[in-house]
Amino acid sequence: MGIEQKLGDMGVVTARLEDLVNWGRTRAMWPMLFGLACCAIEMMSAQAANYDMSRFGMELMRASPRQSDLMIVAGRVSRKMAPVLRRLYDQMPDPKWVVAMGDCASCGGVFNNYAIVQGVDEIVPVDVYVGGCPPRPEALIHGIMTLHEKVKLESFKDWS
Amino acid sequence: MTLEPVMEVTVNDLKHLLSERAAEGDTLLLNMGPQHPSTHGVLRLLLELDGEIIVRCIPDIGFLHTGIEKNMEAKTYVKAEVMTDRLDYLNTTGNNLVYVMAIEKLVGLDVPARAEVIRVLIVELQRIASHLVWLGTHALDLAAMSVFFYCFREREKILDILEMCGGQRMMTTYFRPGGLWRDTPVEFESAVRDFLKVFPRRIDEYEALLTKNPIFIDRTKGIGIIPKDKALEWGLTGPTLRGSGIEYDIRRAFPYAGYENYEFDVATDDGCDVYARYTVRMQEMRESLKIVQQALDNMPMGPVNSANRKFVPPPRSELGHSMEAVIHHFKLWTEGFEAPKASVYMPVESPRGELGVYLEGDGGPKPYRVHFRTPSFTNLQAVPWLAEGHYVADLVAIIGSIDIVLGDTDR
């Protein structure tokens, strides 16, 4: 039971390098362990037993931006936090992606006021927006699946 | 938007906060947070270290300042309630409870008996859920990873019950001034009974993993000692206070929402350390189960909303044949109800301590001032003097034992 059943005794497979690399990137995308507010609790739920993001090769949350590929902005970003968030994003090595989790990170949500950045896309480029306040863990996983689909279509040029 | 650069400061700028040895370069300044897995959110701590030992610990809060209190002034009383969920996001229904009870106190609104019992039941379930997140993350910080998975497994069961009632897992806004949004669904009772059946054994499971675990005991016993008098001096509340052996619980001292009708013990421990606060919270989960059991067994039948149509919208069935109901409905959803020019303070016992709301009305449909006295903010004040003299690794245990939620601290 394994890949040899599908391949027979060929031993060699041809594929586009980009496809292979992108496939590898989607299968081991390490998110940064970076919780801001309420959504971080749902992000933890998505990691825990019931939803188990490790099914998608994403169980390894890295506390350091230097080791992570994906920033999940989980929660509201205040004006005091915004420069910190940008610095964390700058510290992540390429290729890197951002998921804006929840309404606050996507557009400010219910907090249309002086303190909250009205959408994290004002400070970092966002690949996928996940709606909800907070989004269910399923919604986050769907967002990440969507990101995987996007990554599969990327070319090397995008990151060079 | 333009970003201000991350603030860079020198030792000279911080001279008044640091020890004298810092100026000579004797000690090391280390930044912990705001992005750190063990600060439970976006707390920043500036540490002055002598080797591994903390000389000074300076907390920097406000990274999650949301302007909730100010935003609530721009909304009608009912619309502002959705903001309260997002304060302390582990105790969402508890925040709803304190806010709606403050409104009820302000305008003098009655609550039917059934609604009160359901409120208590839901809030106690939420307390267990909050303690489960605390236990999971606290154990995770102390490198006991499996507890985290077990805790979140049970927490999902509670969230399913909340979702059943309020339609949302976390931000239910299920309590409304004068009662509840709606009655509980039929499957509610069996779901809670199932939970009551399995959960006591689950607590035993957690305790089996931690209570006598030598690594856990080494990391928690004798760490972060809060003496009795100091706990009182600093205004600590909740399990942080009860872990110092002081039996003070607002549910018992100033009963609200019918807590005087339930039999439960106020969990205390004389240990004064991180371990004592752990045992208090474990005990509290068992006590909450007792309250849930009593609430479920003695659930009265009847309406879940006050019949006072000036504050509570009429049921949809009335709208078809009663002009008065239509007028009330229209008035409540466009303008909202008016509260008198007065102020109230309403405290409740949240999983973290005394959660109070000060609500001031100006005669109009919007609050003039809403202020939350949040337990995380007050309890966080203890961290600097608790951390002094400990290792950096113990600071993680201390922060965990205070159980802060930064949404609650910064508001």
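Two strands count as paired if DSSP finds at least two bridges between them. Strands and helices here are DSSP runs numbered from the N terminus, with E over at least two residues for a strand and H or I over at least four for a helix.

This is a predicted model: local features need pLDDT of at least 70 and side-chain atom pairs count only at pLDDT 80 or more, while totals for chains, interfaces and linings use all residues. Residues are numbered from 1 along each chain as its sequence is written, and chains are lettered from A and ligands numbered from 1 in the order in which they are written.

**Stop 1: a sheet in chain B**

Select residues 353-361 of chain B, which are strand β7. Six bridges join β7(B) to β8(B), and the two run antiparallel. Click on B:Gly356: its bridge partner in β8(B) is B:Arg373. Now show the whole open sheet, whose three strands come in the order β6-β7-β8 with antiparallel pairing. At its edges you will find β6 (343-350) and β8 (367-373) of chain B, each pairing on one side only.

Next, add helix α3 (residues 92-107) of chain B, which lies across β6 and β7 of chain B and runs at about 150 degrees to β6(B). Such angles run from 0 to 180 degrees between N-to-C directions, with axes fitted to C-alpha atoms, for helices over the stretch in contact.

**Stop 2: another sheet in chain B**

Here the order is β1-β2-β3 (chain B), again an open sheet of three strands with antiparallel pairing. β1 (28-32) and β3 (53-60) of chain B each have a single partner strand, so one side of each has no neighbour in the sheet. Select β2 (residues 44-50) of chain B, which five bridges join to β1(B). Among the residues to label are B:Asn31 and its bridge partner in β2(B), B:Leu46.

**Stop 3: where the chains meet**

Show both chains. How many residues of chain B are in contact with chain A? There are 33, and they meet 35 residues of chain A; contact means that C-beta atoms, placed from the backbone, lie within 7 Å. On the chain B side, α1 (68-73), α2 (81-85) and α5 (145-166) each supply at least two residues. The most come from α5(B), with five residues.

**Stop 4: a residue in chain A**

Finish by centring on A:Met101. Leaving out residues up to four places away in sequence, A:Met101 touches A:Cys39, A:Met43, A:Ile72, A:Val73, A:Ala74, A:Val130, A:Pro135 and A:Leu140.

Technical notes. Two residues are in contact if their C-beta atoms, placed from the backbone, lie within 7 Å.
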